[in-house]
Amino acid sequence: MNQDQLKQMVAREALKHVVEDAVVGVGSGSTVNFFIDALATIKGRIEGAVAASEASAERLKKHGIRIFDLNSVNELPVYVDGADEVTEHLHMIKGGGGALTREKITAAVAKKFVCICDASKLVPVLGKFPLPLEVIPMARSYVGREMLRRGAHPELRQNFKTDNGNLVLDCRGLTLLDPPAMEAELNNIAGVVTNGIFARRPADVLLLAEAAGVRALGARLA
Ligand code: 5RP
C-alpha cells in the first residue's frame, strides 16, 4: 500500500466519527483532502462543514457541501484534521500547510478532535518536523531572535502568506520534551499569532493508517 492509499483508508475510517445532521469541522492538508472526498459520499447526511483553510473550503464547495462560518455555529461535535507529527499522548505538530491558526481555533471549539495520519507521522518525541509559527509581519525579526535564544533555527517560509495575511517561521532544532509547556511559552512571545504545537488541546482520537489496517488510539474512541 502506498502513502496515498494509507491516507485514503484512514480518511474513510474517519467517516465513522461524523455526526449525522450536524456541522463537521474540517482541517487541511493532503490527508484531509481524502477526507473531504469521502465526506462527499455522505453529504446528504450532514448539515455542512466549517473549514480551517480557504483551500479546504474550496474543495468542500466543489463537492456541493455547504460551508458555515465558525461564528454562526453554536457547537461542533467533531473536527477531523491531519498532523505533521503526533505522539502516543496525541500531542501534535501541525502547520505544515500553514493553516495552523484556523486549525487551532476550530479544534478549540470542537467537542471531539479526530486526528487522521499514516503511520509515518507517529513519533516518540515531537520536534524533528520544523515547528511552524504564524507571525505578524512586523514581528518577524524579533520572533526569530527569540527562537534563536531558545536554541531553534528559524527560517522564513518563502513566498508564503497565511489565510490571515501573516508570515510563517519554520523552526528546526527543538526537542519538545514538554509540549504543553512549550506551547504556552511560545504563545507568550509578542507577535506570535499561533505556534504549531497542539498539546494543550490534544486530539481525542488518533486514527493511524498502517499496512495492516487502521489503528485507533485515545481515550474517546466512540
Ligand atoms: C496544515 C496541517 C496539516 O494537517 C498537516 O500539514 C498534515 O498534512 P498532510 O495530511 O498533507 O501530511 O497542519 O496546516
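How many aromatic pairs does the count come to? The count comes to 1 aromatic pair. The structure on screen is a predicted model, and this tour begins with that pair before moving to the ligand.

**Stop 1: the aromatic pair**

Select Tyr79 and Phe113 and display their rings. The ring centres are 5.1 Å apart and the planes meet at 65 degrees; because planes over 60 degrees apart count as edge-to-face, the pair formed by Tyr79 and Phe113 is edge-to-face. Now colour the chain by secondary structure. Tyr79 belongs to strand 3, which covers residues 76-81, while Phe113 belongs to strand 6, covering residues 110-118. With the two positions 34 residues apart in sequence, the pair links distant parts of the chain.

Next, add a surface for the protein. Are these two rings' residues buried or exposed? Tyr79 has a relative accessibility of 0% and therefore counts as buried. Phe113, likewise at 0%, counts as buried.

**Stop 2: from Tyr79 to Lys111**

Keep Tyr79 selected and add Lys111. The C-alpha atoms of Tyr79 and Lys111 are 7.8 Å apart in space, although the residues are 32 apart in sequence.

**Stop 3: the ring of Phe198**

Select Phe198 next, together with Lys94 and Lys104. Lys104 lies over the face of the Phe198 ring, 4.9 Å from the ring centre. Lys94 also lies over the face of Phe198, at 5.5 Å from the ring centre. Keep Lys94 displayed, as this residue reappears at the next stop.

**Stop 4: the ligand and its shell**

Select the ligand and the 16 residues around it. Which of these residues come nearest? They are Ser30, Thr31, Asp84, Lys94 and Lys121. By residue class, the shell comprises 9 polar, 5 charged and 2 nonpolar residues.

**Stop 5: polar contacts of the ligand**

Zoom in on the oxygen atoms of the ligand and examine three contacts in turn.

- Asp84: an N or O atom of the side chain is 2.6 Å from a ligand oxygen atom.
- Ala99: a polar backbone atom lies 3.2 Å from an oxygen atom of the ligand.
- Gly82: a backbone N or O atom is 3.4 Å from a ligand oxygen atom.

To finish, show the surface of the ligand. Taken alone, the ligand exposes 380 Å², of which the protein buries 90%.

Definitions and conventions
Residues numbered from 1 in each chain as written. Predicted model: local features only at pLDDT ≥ 70, side-chain atom pairs only at ≥ 80, totals over all residues. Heavy atoms only, no water. Near = heavy atom within 4 Å. Polar contact = N/O pair within 3.5 Å; in protein donor to acceptor, adjacent residues only side chain to side chain. Areas by Shrake-Rupley, 256 points an atom, 1.4 Å probe, with all protein chains shown as cover. Nonpolar A, V, L, I, M, F, W, Y, C, P; charged D, E, K, R; others polar. Phe/Tyr/Trp six-rings, centres within 6.5 Å; stacked < 30°, edge-to-face > 60°. Helix = DSSP H or I, 4+ residues; strand = E, 2+ residues; numbered from the N terminus. Buried < 20%, exposed > 50% of the residue type's maximum accessible area, 1.4 Å probe, protein only. Lys NZ or Arg CZ within 6 Å of the ring centre and 35° of its normal.
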